[in-house]
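Hi,

Here is the structure I promised to pass on to you. Have a look at it first, and then read my notes below.

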Amino acid sequence: LLKIKRFALGALWTNCYLIWDARGDGFVVDPGGPAEDVENFIRDNDIHIHWIVLTHGHADHIGGIPDLRNLSENGIAVHYADASALTDPNKNLSSMMGESLTMRAPDRELKDGDVLAAGEMSIKVIYTPGHTVGGICLLVSEGEEQMLISGDTLFARSIGRSDLPGGDEGVLIESLKKLANLPDKMRVFPGHGPETTIGAERQHNPYWPR
């Protein structure tokens with residue numbers, strides 16, 4: 001059975017997710033701010049971290065990388081179109097907030113359809129630009145069980161901002177169409193705010209493709 005734990009990190013309460021299986025294989029998504037709590041939980045529960053995967057390169061989703069990078073066997077993975085955001089404060093927007101956040105370049109640059117492995121889990125990349133040029137969602141599977149990590153593409157009853165550099169609302173709406181064939185019961189874990197399901201968003205999200 002897949003286990004998921006949410007940590008709200010940093011000034012914007014970005015959802016960082018730790019996902020692991022019964023054998024203790026796991027990965028981290030979007031460590032957005034100081035991640036000491038995440039690190040302690042990983043160590044206390046003896047979880048083997050295979051990857052840190054970023055849904056996009058904004059500062060509020062990458063700020064905790066230094067705390068966790070050494071725990072990740074394969075390092076950091078991000079879509080190639082957002083890869084430069086790790087090393088450029090203007091692209092990760094930290095410069096807009098009066099900071100200068102720079103990280104080492106990612107260890108793996110992803111593209112649409114790529115699949116990462118963490119133990120028996122597979123992590124499939126769905127390219128969903130619009131919030132950023134390299135935004136992705138992650139379809140996590142183990143056996144029959146699946147969940148979607150939607151980053152800042154899809155929120156409960158809303159979508160990510162498209163008014164920041166690299167954003168485009170029309171592109172974001174097109175990206176949502178890539179999620180439209182997912183099953184209604186699928187759990188969705190967004191970059192900010194509460195968990196939802198595909199069915200709830202199909203029914204209630206004003207931006208959902210009709």
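**What I found**

Let's start with one pair of residues: Leu148 stands opposite Val188 in β13. Before going on, you should know that this is a predicted model, where local features need pLDDT of at least 70 and side-chain atom pairs count only at pLDDT 80 or more, while totals for chains, interfaces and linings use all residues. Residues are numbered from 1 along each chain as its sequence is written, and side-chain values use heavy atoms, with hydrogens and water left out.

**The sheet around β10**

β10 and β13 run parallel and are joined by four bridges. Some vocabulary: strands (E, at least two residues) and helices (H or I, at least four) are DSSP runs numbered from the N terminus, and two strands pair if DSSP finds at least two bridges between them. Strands of a sheet pair through backbone hydrogen bonds, either parallel or antiparallel.

Both strands belong to an open sheet of six strands, in the order β7-β8-β9-β10-β13-β14, with mixed pairing. Its edge strands, each pairing on one side only, are β7 (115–118) and β14 (196–197). At the β14 end, two bridges hold β13 (residues 187–190) and β14 together in the antiparallel sense, and Arg187 stands opposite Thr197.

On its other side, β10 runs antiparallel to β9 (residues 136–142), with five bridges between them. Val140 in β9 is opposite Met147 in β10. The hairpin of these two strands has two residues between them, and Gly143 there takes a positive phi near 60 degrees.

Why is β10 largely enclosed by the rest of the structure? Because five of the seven residues of this strand (residues 145–151) are buried, and buried means under 20% relative accessible area (exposed is over 50%, partly exposed in between; 1.4 Å probe, protein chains only).

Ser122 is worth a click too. This residue lies in β8 (residues 121–127) and counts as partly exposed, at 26% relative accessibility. Leaving out residues up to four places away in sequence, Ser122 touches Val115, Leu116, Leu139, Val140 and Ser141 (contact means heavy atoms within 4.5 Å).

**The strands from β2 to β6**

β2 (residues 14–20) and β3 run antiparallel, joined by four bridges, with Tyr17 opposite Val29. Their hairpin has four residues between the strands, and Gly24 takes a positive phi near 85 degrees.

β3 (residues 25–29) is largely enclosed by the rest of the structure, because five of its five residues are buried. In a regular strand the side chains alternate between the two faces of the sheet. In β3 both faces are covered: Asp25, Phe27 and Val29 are buried on one side, Gly26 and Val28 on the other.

β3 also runs parallel to β4 (residues 48–53), over five bridges, and Gly26 has Ile49 as its bridge partner in β4. Between these two strands the chain passes through helix α1 (residues 36–44), in a right-handed β-α-β crossover. Right-handed means that, with the strands pointing away from the viewer, the path from the first strand over the helix to the second runs clockwise.

Next, two bridges join β4 to β5 in parallel, with Val53 partnered by Ala77. In β5 (residues 76–79), Ile76 and Val78 point one way, Ala77 and His79 the other, and all are buried. β5 then pairs with β6 (residues 108–110) in the parallel sense over three bridges, and Ala77 has Arg108 as its partner there.

**Pockets**

On a 1 Å grid over the protein atoms alone, a pocket is an open set of points with protein on both sides within 12 Å along at least five of seven lines; a cavity is a set where a 1.4 Å probe fits but cannot get out, and lining residues have an atom within 4 Å of a point. Grid points are joined across faces, edges and corners, and a volume is the space filled by probe spheres set on the points.

The largest pocket holds about 260 Å³ of space. Of its 14 lining residues, Leu12, His58, Asp60, Arg161 and Leu164 are the closest to its centre. The second largest pocket holds about 210 Å³ and is lined by 15 residues, with Ala11, Gly32, Ala59, Asp60 and Glu99 nearest its centre.

Happy exploring!
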